Amino acid sequence: MDAQHGLVVVAEDEPAIADVERMYLQDAGFRVVVARDGQDALALIRRSAPVAAVVDVGLPGMDGIEVLRALRAADDWTPLVLVTARDAEVDRVLGIELGADDYVTKPFSGRELAARVRGLVRRTGIRAGSVLTAGRLRVDRERHRVTVDDAPVELTPTEFALLAHLVAEPDRVFERAQLLSAVWGVADFSGSRTVDVHVAQLRAKLGDAAGLRTVRGVGYAFDPVPAP
């Protein structure tokens, strides 16, 4: 997908921060529109079908978590990055549990934000042209579909990318830093918590067919679960 034709919705009520986000995202080739509160952000995302949204948790009125909850409840899986306060881990974890694809914490680098959005859009638009079948799981990387025993499972773009990366190499143990680099496009090990939360979400959604093995002190591996 040509990023020059990609629209990103930025939901931020602080004009100075919104200007920084707009500048770096535009420099990265995106078109950008800004919403100043949660209600406007929700309406704009639904109306404009952006390639991604960057949503501040602390929006006035309807906050960022409520915006995310409303989108996912309506089966709208627009790729979404949450912007949170540095000490608001509960918001970050809740956001991921509700279906956020990534997050950045304030104060943040505009360059990092743009890189994360580029990576998210790239993951969403991936066309690998193959289907991975492993045990009870079927991962269609071209159509972005996952089934367990032929029943569809709804995953966020980041959950899908993480699962596909693990399933592609069964039994291989991936360090958290390797997964951060491959799936999120970042090499900062301080973000390893987000890997753990996304794995937990995959286990919750895939149930006993997940096959995701924790290797203590190292990372994760995928072990196919045979059909009963």
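Let's start with helix H2, residues 38-48, which lies across strand E1 (7-11), E2 and E3. Its direction is at about 170 degrees to E1. Please keep in mind that everything I show you today comes from a predicted model.

So what sheet do those strands belong to? It is an open sheet of five strands, ordered E2-E1-E3-E4-E5, and the pairing is parallel. At the edges stand strand E2 (31-35) and E5; each has a single partner strand, so one side of each is left without a neighbour in the sheet. On average, neighbouring strands here are turned by 20 degrees against each other, direction ignored.

If you'd like one pairing to look at, take strand E3, residues 52-56, and strand E4, residues 80-85: they pair in the parallel sense over four bridges. Ala53, for example, has Leu80 in E4 as its bridge partner.

Now let's move along to E5, residues 102-106, where we find Asp102. Is Asp102 buried or exposed? Asp102 counts as buried, because its relative accessibility is 2% and the cut-off for buried is under 20%. And what does its side chain meet? There is a polar contact between the side chains of Asp102 and Arg116, at 2.9 Å. Leaving aside neighbours within four places in sequence, Asp102 is in contact with Leu80, Val81, Leu82, Arg116 and Trp184. You'll recognise Leu80 from a moment ago, as the bridge partner of Ala53.

Next, a pair of helices. Helix H4 (residues 89-98) and helix H8 (residues 192-206) have axes that come within 9 Å and cross at roughly 35 degrees. The crossing of H4 past H8 is right-handed. On the H4 side, the contact is made by Glu89, Val93, Ile96 and Glu97, and on the H8 side by Arg193, Thr194, Val197, His198 and Gln201. Sorted by class, that contact has three nonpolar, three polar and three charged residues.

Finally, there is another sheet to visit. Four strands make an open sheet in the order E6-E7-E8-E9, with antiparallel pairing. Its edge strands are E6 (131-134) and E9 (151-153), each pairing on one side only. Neighbouring strands in this sheet are turned by 25 degrees against each other on average, again ignoring direction.

Within it, E6 and strand E7, residues 137-140, pair in the antiparallel sense over four bridges. Thr133 has Arg138 as its bridge partner in E7. A helix lies across this sheet's strands too: H6, residues 157-167, crosses over E6, E7 and strand E8 (145-148), running at about 115 degrees to E7.

Thanks for listening, everyone!

Methods
Residues numbered from 1 in each chain as written. Predicted model: local features only at pLDDT ≥ 70, side-chain atom pairs only at ≥ 80, totals over all residues. Heavy atoms only, no water. Pairing = 2+ DSSP bridges. Helix = DSSP H or I, 4+ residues; strand = E, 2+ residues; numbered from the N terminus. Axes fitted to C-alpha atoms, helices over the stretch in contact; angles between N-to-C directions. Contact = heavy atoms within 4.5 Å. Left-handed = near helix turned anticlockwise from the far one by under 90°. Nonpolar A, V, L, I, M, F, W, Y, C, P; charged D, E, K, R; others polar. Buried < 20%, exposed > 50% of the residue type's maximum accessible area, 1.4 Å probe, protein only. Polar contact = N/O pair within 3.5 Å; in protein donor to acceptor, adjacent residues only side chain to side chain.
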